[in-house]
Amino acid sequence: MAVLSSTALRPRLAQIFAPGTFIADKVREASYDLRVAPNGLFFEGKWHSVGATPVRDIKIGAGEMAVLSTKEQFTMPDDLVGLVNIKFKSALRGMTLVFGSRVDPGYGRDIRREPLDGYTGQRLYLVVYNISDHEVYVRPGDPLFMVEF
């Protein structure tokens, strides 16, 4: 398996992500930094649906799980798979990725178009777990995750 370099990834961003949801500056040497969205989240026992009032701070208590979504919306081409992981800085703060570590070919192009379905967007929903003994605060826009192609 080969991983796309930044040189190979940059020209493909418009194939991988929906228009207006990616920033070319988030491309790294062989990955793309995924940013946390301001809604489409579950933390502190409450769902903040897509389209809801954006949140400013996301508190994930010690030993708690949360569902975070990405600002980036995917329209994956059929010849790529994305492998998602937590960034090292996030891991040092106590965060670990529990579920949602693969983006399949075609993801985002096969989504249902039901108006009230919170999962109809092309963003990723990632389950994280705070394994530390202290609260972790995340802000929308924070690059918590990375994806390799």
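The legends below describe close-up views of a predicted model of one protein chain.

**Figure 1. Overall fold of the predicted chain, with three helices and 11 strands.** From one end of the sequence to the other, the elements follow the pattern α-α-β-β-β-β-β-β-α-β-β-β-β-β. The radius of gyration is 15 Å, close to the 15 Å of the globule rule for 149 residues, so the chain is as compact as a globular protein of that length. Along the principal axes, the C-alpha atoms occupy a box of roughly 40 × 35 × 25 Å. Of the contacts between residues at least 6 apart in sequence, 74% link residues at least 24 apart.

**Figure 2. Surface and charge of the chain.** The accessible surface is about 8,000 Å², and carbon and sulfur atoms contribute 54% of that area. Buried residues make up 45% of the 149 in the chain. Side chains counted as charged comprise 18 positive and 17 negative ones. The centre of the positive set lies 5 Å from the centre of the negative set.

**Figure 3. The open sheet of four strands, in the order β1-β11-β6-β8.** Pairing in this sheet is antiparallel. Its edge strands are β1 (32–34) and β8, each of which pairs on one side only. Three bridges hold β1 against β11, and four bridges connect β11 with β6. Between β6 and β8 (residues 102–103) there are two bridges.

**Figure 4. Strand β6 (residues 82–86) and its partners in the sheet.** The covered face of β6 consists of Gly82, Val84 and Ile86. Leu83 and Asn85 form the uncovered face. Towards β8, Leu83 has Arg102 as its bridge partner. Towards β11, Val84 stands opposite Val147, and Asn85 has Met146 as its bridge partner. Val84 thus belongs to the covered face of β6, and its opposite residue Val147 is buried in β11.

**Figure 5. Strand β11 (residues 145–148), with side chains that alternate between two faces.** Phe145 and Val147 point to one face and are buried. Met146 and Glu148 point to the other face and are not buried. On the β1 side, Phe145 is the bridge partner of Leu34. On the β6 side, the antiparallel pairing includes Met146 as the bridge partner of Asn85. Met146 is not buried, and Asn85 lies on the uncovered face of β6.

**Figure 6. Ser31, in the loop between α2 and β1.** Ser31 has a relative accessible area of 9% and is therefore buried, the limit being under 20%. Apart from neighbours within four places in sequence, the contacts of Ser31 are Leu9, Lys26, Met146, Val147 and Glu148. Met146, Val147 and Glu148 also appear in the view of β11, where Val147 is buried and the other two are not. Met95 is 64 residues from Ser31 along the chain, and the two C-alpha atoms are separated by 19 Å.

**Figure 7. Arg12, in the loop between α1 (6–9) and α2 (13–16).** The relative accessibility of Arg12 is 18%, so this residue counts as buried under the 20% limit. With neighbours within four places in sequence set aside, Arg12 is in contact with Pro77, Asp79 and Leu80.

**Figure 8. Glu44, in the loop between β2 (41–43) and β3 (46–48).** Phi of Glu44 is near 50°, a positive value in a residue other than glycine. Most residues other than glycine have a negative phi. At 48% relative accessibility, Glu44 falls between the 20% and 50% limits and so counts as partly exposed.

Key
Residues numbered from 1 in each chain as written. Predicted model: local features only at pLDDT ≥ 70, side-chain atom pairs only at ≥ 80, totals over all residues. Heavy atoms only, no water. Rg over C-alpha atoms; globule rule 2.2 N^0.38 Å. Buried < 20%, exposed > 50% of the residue type's maximum accessible area, 1.4 Å probe, protein only. Contact = heavy atoms within 4.5 Å. Areas by Shrake-Rupley, 256 points an atom, 1.4 Å probe, with all protein chains shown as cover. Lys, Arg positive; Asp, Glu negative; His and termini not counted. Charge placed at Lys NZ, Arg CZ, Asp CG, Glu CD. Pairing = 2+ DSSP bridges.
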